[in-house]
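This report describes a single protein chain, starting from one residue and moving outward to its helix, the core and the loops. The sequence and the structure are shown here for reference.

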Amino acid sequence: MKMQEKLNSFCTLKRQKGASFLTIIVMLILVGLFLLTALKIAPAYLDNNVIVNAMEGIASNNDLATMSIAEVRESLQKTLITNSIRDFSMASVVLTREGNRNYIDINYESRVPLLYNIEIVVVFENRFDKN
């Protein structure tokens with residue numbers, strides 16, 4: 001009886017072959033698509049990080065409370081040109097007033113082409129206290 005069970009378990013192990021060729025191809029396509037998406041989106045996040053760091057630098061080096069929105073835009077523009085960020089519109093830098101507090105909002109979206117007519121839209125919303 002034990003010999004028959006061992007033979008049956010050996011036969012079932014012999015029939016198990018692992019992942020099929022089709023499964024491996026599908027998995028490779030999915031991993032490749034994921035990597036492609038990550039590599040396409042990463043520069044948008046890096047650019048946003050530069051914008052945030054530039055605004056924090058402006059706030060720490062200058063008296064942001066006394067600067068006009070035009071002066072803030074000009075200072076930010078200089079920093080972005082230095083860092084080779086050219087696809088940013090200064091119209092996205094706006095002064096927002098809530099109650100008695102002033103904020104500088106930098107809200108924009110970045111469109112990244114993925115495949116043919118498929119784009120990824122990444123939305124960034126940054127707020128800095130002007131007071």
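## Leu80

Leu80 has a relative accessible area of 1%, so it counts as buried. This value, like the others in this report, is computed from a predicted model. Leu80 belongs to helix α3.

Apart from neighbours within four places in sequence, the contacts of Leu80 are Val50, Ile51, Ile85, Phe88 and Met90. For one of these, Val50, the C-alpha atom is 7.7 Å from that of Leu80, although the two residues are 30 apart along the chain.

## Overall layout

The protein chain holds three helices and three strands. Read from the N terminus, their order is α-α-α-β-β-β. The chain has 131 residues, and 27% of them are buried. Among contacts in the chain with a separation of 6 or more, 47% join residues that are 24 or more positions apart.

## Helix α3

Helix α3 has 14 residues, which at 1.5 Å a residue should span 20 Å; the C-alpha atoms at its ends are 20 Å apart, in agreement with that value.

The buried residues of α3 include Leu80, together with Val72, Ser75 and Leu76. These residues cover an arc of only 135° around the axis, which places them on the same side of α3. Lys78 and Thr82, on the other side of the helix, are exposed. The buried residues of α3 pack against α2, β1 and β2.

## The nonpolar core

In soluble globular proteins, nonpolar side chains tend to be buried together. The largest nonpolar core here has 25 residues, and those that touch the most other members are Met55, Leu76, Phe88, Val93 and Ile106. Two or more residues come from each of α2 (21-61), α3, β2 and β3 (118-129). The largest contribution is that of α2, with seven residues.

What does Ile106 touch, if residues up to four places away in sequence are not counted? Its partners are Ile51, Met55, Leu76, Phe88, Ser92, Val93, Phe124, Glu125, Asn126 and Phe128. Two of the names in that list, Ile51 and Phe88, are also contacts of Leu80.

## Aromatic residues

How many aromatic pairs does a search of the whole structure find? There are three. In one of them, Phe88 and Tyr108 are arranged edge-to-face, with 5.1 Å from centre to centre and 85° between the planes. Phe88 is in the loop between α3 (69-82) and β1 (93-98), and Tyr108 is in strand β2 (residues 101-115), so the pair ties together parts that lie 20 residues apart in sequence. Phe88 and Tyr108 are both buried. They also belong to one aromatic cluster, whose other members are Tyr45 and Phe124.

A further ring, that of Tyr103, has the charged end of Arg127 over it, at 4.5 Å from the ring centre.

## Loop residues and backbone angles

Most residues other than glycine have a negative phi. Ser84 has a positive phi, near 60°, and is not a glycine. Ser84 comes just after α3, in the loop between α3 and β1. With a relative accessible area of 55%, Ser84 is exposed. Tyr116 also has a positive phi in a residue other than glycine, near 45°. Tyr116 is in the loop between β2 and β3, and its relative accessibility of 88% makes it exposed.

Is Thr66, in the loop between α2 and α3, buried or exposed? Its relative accessibility is 60%, so Thr66 counts as exposed. Leaving out neighbours within four places in sequence, Thr66 is in contact with Glu71 and Lys130. Thr66 and Lys130 are 64 residues apart in sequence, and their C-alpha atoms are 8.6 Å apart in space.

Conventions: Residues numbered from 1 in each chain as written. Predicted model: local features only at pLDDT ≥ 70, side-chain atom pairs only at ≥ 80, totals over all residues. Heavy atoms only, no water. Phe/Tyr/Trp six-rings, centres within 6.5 Å; stacked < 30°, edge-to-face > 60°. Helix = DSSP H or I, 4+ residues; strand = E, 2+ residues; numbered from the N terminus. Buried < 20%, exposed > 50% of the residue type's maximum accessible area, 1.4 Å probe, protein only. Lys NZ or Arg CZ within 6 Å of the ring centre and 35° of its normal. Core = buried A, V, L, I, M, F, W, Y, C linked by side-chain atoms within 4.5 Å. Contact = heavy atoms within 4.5 Å. Expected span 1.5 Å × (residues − 1). Arc of directions from axis to C-beta.
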